[in-house]
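I set out to page through this model and note what I looked up, entry by entry.

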Amino acid sequence: MTVQSVRLFGDPVLRTPADEVVDFDRELRKLVNDLLDTMRQQNGTGLAAPQIGVGLRVFTFDVDDVVGHLVNPVLEFPDEEEQDGPEGCLSIPGVYVDTKRRQHVVAKGFNQHGDPVQIVGDGLMARCAQHETDHLDGVLFLDRLDADRRKQAMKEIRAAEWYNPDAPPVVKASPHGLFGR
């Protein structure tokens, strides 16, 4: 178990869709532990494998004292209810922007041993599951912002200490529309 470096906005791995996990082995368990250790060290709510440079469909979460992980997640939305509130990202440190998401989610996938898992969440848990699954699709929360909010976020990013103007970030349209699948 090791704390890994978190990749920052502009790193191409954050824009590359992750591969499905096919081997539920010791390597996967190590990845889950590294994600948990890194997320905790960064005081994060969630962390996806691409954020530490691993192109696999795995994320961890720590929401309202519920800590866990999901492998190969698929999201379902039981209704059309929305939430609009502050969202940030460990790969875009210090930038928080009100972002629309679905209020309720059912996230289905597997644990690190290959057993089926289902997470039913609302509010922050729903936001986290959507945010982290987006990472697995190469989508950042900035892609979900309207033009004015995106412009403000990009202004904050360009002013951030960590921003590298020699490797300019790319904002792309989400392949899943405004709210995901």
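Which side chain is joined to that of D137 by a polar contact? I found R57, at 2.9 Å. The model is a predicted one, and I read every entry here with that in mind. I then placed D137 in the loop between α2 and α3, the latter spanning 147-159. I asked whether this loop residue is buried or exposed. D137 has a relative accessible area of 11%, so I put it down as buried, the cut-off being under 20%.

**Entry: the annotated position.** I looked up the UniProt record, an unreviewed entry, and it lists E132 under "active site". I located E132 in helix α2, which runs over residues 124-136. Its relative accessible area is 4%, so I count E132 as buried. I then listed what E132 is in contact with, leaving aside neighbours within four places in sequence: G46, L47, A48, Q51, F59 and T60. For A48 I also noted a distance: its backbone nitrogen lies 3.2 Å from a polar atom of the E132 side chain.

**Entry: the cores.** I looked up the largest nonpolar core and found 16 residues in it. The residues with the most contacts inside this core are F59, F61, L75, V105, A107, I119 and A129. I noted that F59 is also on the contact list of E132. Which elements give two or more residues to this core? They are β2 (58-63), β3 (66-76), β6 and α2. Helix α2 gives the most, with 5 residues. I took I119 as an example and wrote down what it touches, not counting residues up to four places away in sequence: F61, L70, V105, V106, A107 and M125. I also recorded a second, separate core of 15 residues, which includes F9, V97, L140 and F141.

**Entry: rings.** I searched for aromatic pairs and the structure holds 2. I wrote out the one formed by F24 and F110: the ring centres are 6.0 Å apart and the planes stand at 65 degrees, so I class the pair as edge-to-face. I checked where the partners sit: F24 is in the segment before α1 (26-41), and F110 is in strand β6, residues 104-110. The pair therefore ties together parts that are 86 residues apart in sequence. Are these two rings on buried or exposed residues? Neither label fits, because F24 has a relative accessible area of 28% and counts as partly exposed, and F110, at 31%, counts as partly exposed as well. I made a separate note on F77: the charged end of R102 sits over its ring, 4.8 Å from the ring centre.

**Entry: positive phi.** I looked for positive phi values in residues other than glycine and wrote down D64 and N72. Phi of D64 is near 50 degrees, and phi of N72 is near 55 degrees. I placed D64 in the loop between β2 and β3, whereas N72 lies in strand β3 itself. Which of the two labels, buried or exposed, goes with D64? Its relative accessible area is 63%, so I entered D64 as exposed. N72 has a relative accessible area of 7%, so I entered it as buried.

Technical notes
Residues are numbered from 1 along each chain as its sequence is written. This is a predicted model: local features need pLDDT of at least 70, side-chain atom pairs count only at pLDDT 80 or more; totals for chains, interfaces and linings use all residues. Side-chain values use heavy atoms; hydrogens and water are left out. UniProt positions are given in the numbering used here, feature names are shortened, and annotations may be inferred rather than shown by experiment. Helices (H or I, at least four residues) and strands (E, at least two) are DSSP runs, numbered from the N terminus. Buried means under 20% relative accessible area, exposed over 50%, partly exposed in between (1.4 Å probe, protein chains only). Contact means heavy atoms within 4.5 Å. A polar contact is a pair of N or O atoms within 3.5 Å; within protein, one must be able to donate a hydrogen and the other to accept it, and residues adjacent in sequence count only if both atoms are side-chain atoms. Rings of Phe, Tyr and Trp (its six-membered ring) pair if their centres lie within 6.5 Å; planes under 30 degrees apart count as stacked, over 60 as edge-to-face and the rest as tilted. A charge sits over a ring if NZ of Lys or CZ of Arg is within 6 Å of the ring centre and within 35 degrees of the ring normal. A nonpolar core is a set of buried Ala, Val, Leu, Ile, Met, Phe, Trp, Tyr and Cys residues joined through side-chain atoms within 4.5 Å.
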